[in-house]
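Here is a short set of questions on a ligand site and a ring pair. Look at the structure before reading the answers.

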Amino acid sequence: MTAREIMYFSDECAAAQRLADTMGIACRCIESHRFPDDELRVRIPLNPAAHVILYRSLAHPNDKLIELLLVVETLREKGVHELSLIAPYLCYMRQDAENTPGEAVSQSIIGRWLANLFDSIYTIDAHLHRTHELTAAVPLHRAVNLTAAQILGEFVRARGGTPCLLGPDEESGQWVQRMAQAAKLDSAVATKVREGDERVVITLPEMDWQGRDVVLVDDVVSSGGTLVTICGMLRSRGVVNIDVAVTHPLFAHDALNKLHRAGVRHIWSTDSIAHPTNSVFLAPLWSTALNQVV
Ligand code: R5P
């Protein structure tokens, strides 16, 4: 048995290969077939390494969770000793409370389920709102939540100019601050009240926006509602160019078009989810975290 290898599904070949190249280890594809009734068949590569690092981003997660279950059980049956999951986008982290009686608290249910499957889990900018540590949601000694703020900040800095980095809500403050330090740029944070899946009310911080360029910073863009709303407000205050830097480009439905129609110039995302806007690759961060001795 070789020591370590990466396994991935075919739709994430590029990011998995980047990680394998960075780490200098092998990476092999898991086959997955969908039957006409939507059941899934998976087939793992033969003779797996003693430590398998499964690369699976969990956007649009429901089928992927079943795939993970089938793969992990099969790998364990084949004698794999150690299983790590790299889930750049970690699903079901938003619901951290029973907001109305009877609602499932998906953050802890899915977190516990994943913790039972894997020996260690790595993610980035997990959507932890009121839960401060990933280990509270994913109860594992090695449940590691990285941040893309530094690497996104360096990217924005390399683009030049002196835009203001703006986060749409209090929660984004943590990323905006770290990005601003890395990029050596001004920053500000708005406040947001969510009134529906796609409807939000934003209050911009008081400052002179006239003639400025702005980079909007968020962990996730889903419906695009948050950033579209903020774009309209910035335009009416005389902002010139608006760009977006985001860790997880979920871009549900036509979110991308909505952002462009709202006047966004560039959209830069990390490769946490494969998307045409991917501009910043996370492989070095995963590699460093995986190689860290604990
Ligand atoms: C909220 O807390 C997040 O940080 C994002 O601002 C939010 O998830 C974006 O969602 P949408 O694109 O649907 O407005």
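The questions and answers below concern a predicted model.

Q: Which strand gives the most to the shell around the ligand?
A: The shell around the ligand draws at least two residues each from S10 (191-194), S12 (214-221) and helix H7 (225-236). One strand leads, with four residues. That strand is S12.

Q: How many charged residues does the shell around the ligand have?
A: The ligand is surrounded by 15 residues, with Asp-218 and Asp-219 among the closest. By class, two are nonpolar and six are polar. The charged residues number seven.

Q: What percentage of the ligand's accessible area does the protein cover?
A: Oxygen atoms of the ligand have polar side-chain atoms at short range: 2.9 Å for Lys-192, 2.6 Å for Ser-223 and 2.5 Å for Thr-226. On its own, the ligand has 370 Å² of accessible area. The share covered by the protein is 93%.

Q: Which pocket does the ligand take up?
A: Residues surrounding the ligand include Gly-224. The space that the ligand takes is a pocket, ranked by size. It is the largest pocket.

Q: What is the geometry of the aromatic pair formed by Phe-155 and Trp-268?
A: The structure has one aromatic pair. Its ring centres lie 5.4 Å apart, and the planes meet at 65°. Planes over 60 degrees apart count as edge-to-face. The pair is therefore edge-to-face.

Q: How many residues apart in sequence are the parts that this pair ties together?
A: Phe-155 belongs to helix H5 (residues 149-159). Trp-268 belongs to strand S14 (residues 264-270). The pair therefore links parts whose separation in sequence is 113 residues.

Key. Residues numbered from 1 in each chain as written. Predicted model: local features only at pLDDT ≥ 70, side-chain atom pairs only at ≥ 80, totals over all residues. Heavy atoms only, no water. Near = heavy atom within 4 Å. Polar contact = N/O pair within 3.5 Å; in protein donor to acceptor, adjacent residues only side chain to side chain. Areas by Shrake-Rupley, 256 points an atom, 1.4 Å probe, with all protein chains shown as cover. 1 Å grid on protein atoms, 1.4 Å probe; cavity = no way out; pocket = protein on both sides within 12 Å on 5 of 7 lines; lining within 4 Å. Sits in = over half its atoms within 2 Å of the grid points. Nonpolar A, V, L, I, M, F, W, Y, C, P; charged D, E, K, R; others polar. Phe/Tyr/Trp six-rings, centres within 6.5 Å; stacked < 30°, edge-to-face > 60°.
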